[in-house]
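Hi,

Here is the structure I promised to pass on to you. Have a look at it first, and then read on for what turned up in it.

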Amino acid sequence: MGAGGRMNDATSEKDVLKRVPTEKTPFEISDLKKAIPPHCFKRSLTTSFYYLFRDICICYTWYYLGSNYIPLLPKPLAYIAWPLYWFCQGSSFMGIWSIGHDLGHHAFSEYQWLDDAIGFVVHSAFLTPYFSFKYSHRSHHAHTNSMEYDEVWIPKRKADTLYSEVLNNPLGNLFMTIVRLLLSFPMYFTFNIHGRLYNGFVSHFYPQSPLFNDSERKLVWLSDAGMVAAFYGLYKIAASTSATWLFCIYGAPLLVMNAHFIFFTFLHHSHLSLAHYDSREWDWIRGALSTVDRNYGILNTVFHDVTCAHVVHHLISTIPHYHTVEATNAIKPILGDYYKYDDTPILKAFWRETKECIFVEPDEGAEDSGVYWFRR
């Protein structure tokens, strides 16, 4: 699953920055569903558990190697081995976390209660409030690229001079990159950074937050309880080993996982060819199509294709990850120019988007169009 090569169309001959059409689509979501083979919609409990247990085994293998063999290495080699372990284990964490994300979308099994039970455990283990994120992420899918109502990666406007002027330079870009990769994951959940504006205090940990409605608040408390249990478990581990051991085995890989999450979600929703819309022009299907598929090589497989089949995920989020590549290939002929795939090398693309996607404004002469494009 997830072999990036199957998605790697010859886009090098195309202008990957060519704008995706903003006119209303000539197709409906029903047309796309008809084009997808019926088996792609089926959630197999056996297959889903296979991927979950496979990832857990991989994670345990890295843990076993890291905890038993790296401490035996001489220091010069250990200084190389630890960062390699952190990257590999952090990538493994991201794979399991991605399955937790599928669980929140009810894309794991036919049983909602089972998806929620497993998702709660999986995401709590990686210090993610499961139900809180499930609710806000559902709103993100419902309002993708809406200037007023999207929940994450809300673009800045030119009037925000901190971004459009003060930080709009190589040093500022580097500073923002470091801050994003190291801090954005916990700051998003704690203070809703990169999220939409609300009245009142907004946090995924605060049950009375305007992020949630009254029917959701009890399970937000449960998410908080899961986080408390996870922190208590980490405290007990640190007490029986050491804080240094815990950081090397779990903490540093978690930071890598956080960076992966910010890295690929930023690239999913930041591209010069994709528009944002205000309420005068936004509709759900064009918002869902305002995301981009990219090729991460072997990490496509590690991350369960969330990287290279993100467009179809926004269109039909209950398709299991092991069918998203096939579903993408099935709908591409219908999507035509509305489908965006960019095979620019990932690090190059990240730096390009960091430099170029600073704020959004309408085109000159189209200020009332309701359509906004990234600028620098």
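An unreviewed UniProt entry places the feature "transmembrane region" at residues 48-65, 77-97, 219-238 and 244-267. Please keep in mind that what you have is a predicted model. In that model, residues 219-238 are 100% helix and 0% strand, with 29 Å between the end C-alpha atoms. The span 244-267 is likewise 100% helix and 0% strand, and its end C-alpha atoms lie 33 Å apart.

The unreviewed UniProt entry also gives the feature "domain: Fatty acid desaturase", at residues 81-340. Residues 81-340 are 60% helix and 2% strand in the model, and the C-alpha atoms at the two ends of this span are 38 Å apart.

Next, helix α3. Tyrosine 64 sits in this helix, which covers residues 45-68, and cysteine 59 is found in α3 as well. Are these two residues buried or exposed? Cysteine 59 counts as buried, because its relative accessibility is 14% and the cut-off for buried is under 20%. Tyrosine 64 has a relative accessibility of 37%, so it counts as partly exposed.

What does cysteine 59 touch, leaving aside residues up to four places away in sequence? Its contacts are Gln89, Ser92, Phe93 and Ile96. Glutamine 89 is 30 residues from cysteine 59 along the chain, yet their C-alpha atoms are separated by 6.3 Å.

Tyrosine 64 belongs to a nonpolar patch on the surface, together with Tyr60, Tyr63, Leu65, Tyr69 and Leu72. The accessible area of the patch adds up to about 630 Å².

Now to the sheet. Three strands form an open sheet in the order β1-β5-β4, and their pairing is antiparallel. β1 and β4 are the edge strands, each pairing on one side only. Here is how the strands are joined:

- β1 (residues 276-277) pairs with β5 in the antiparallel sense over two bridges. Tyrosine 277 has valine 371 in β5 as its bridge partner.
- β4 (residues 359-361) runs antiparallel to β5, and three bridges join them. Phenylalanine 359 stands opposite arginine 375 in β5.

Why is β5 described as largely enclosed by the rest of the structure? Because four of the five residues in this strand (residues 371-375) are buried.

You may also like the charged pairs. Side chains of opposite charge can pair when their charged atoms come close. How many salt bridges does a search of the whole structure find? The count is 19.

One of them joins aspartate 363 to arginine 19, with 2.7 Å between the closest N and O atoms. Aspartate 363 is in the loop between β4 and β5, while arginine 19 is in the loop between α1 (4-7) and α2 (29-35), so this pair ties together parts that are 344 residues apart in sequence. Both partners count as partly exposed: aspartate 363 at 24% relative accessibility and arginine 19 at 36%.

Another salt bridge brings together the side chains of aspartate 283 and lysine 24, at 3.4 Å from N to O. Lysine 24 lies in the loop between α1 and α2, and aspartate 283 in the loop between β1 and α11 (284-288); the pair therefore ties together parts that are 259 residues apart in sequence. Aspartate 283 counts as buried at 18% relative accessibility, whereas lysine 24 is exposed, with a relative accessible area of 58%.

A further salt bridge involves glutamate 353 and arginine 352, whose closest N and O atoms are 2.7 Å apart. Glutamate 353 is buried, with a relative accessible area of 0%, and arginine 352 counts as buried at 16% relative accessibility. Salt bridges with shared partners also link Lys24, Glu281, Asp283 and Arg286 into one network.

If you want a place to begin in the viewer, try cysteine 59 and its contacts Gln89, Ser92, Phe93 and Ile96, and then the pair of aspartate 363 and arginine 19.

Best wishes

Note on methods
Residues numbered from 1 in each chain as written. Predicted model: local features only at pLDDT ≥ 70, side-chain atom pairs only at ≥ 80, totals over all residues. Heavy atoms only, no water. Patch = residues over 30% accessible without salt bridge, like charges linked within 9 Å, V, L, I, M, F, W, Y side chains within 5 Å. Areas by Shrake-Rupley, 256 points an atom, 1.4 Å probe, with all protein chains shown as cover. Salt bridge = Lys/Arg side-chain N within 4 Å of Asp/Glu carboxyl O. Buried < 20%, exposed > 50% of the residue type's maximum accessible area, 1.4 Å probe, protein only. UniProt positions renumbered as here; feature names shortened; annotations may be inferred. Contact = heavy atoms within 4.5 Å. Pairing = 2+ DSSP bridges.
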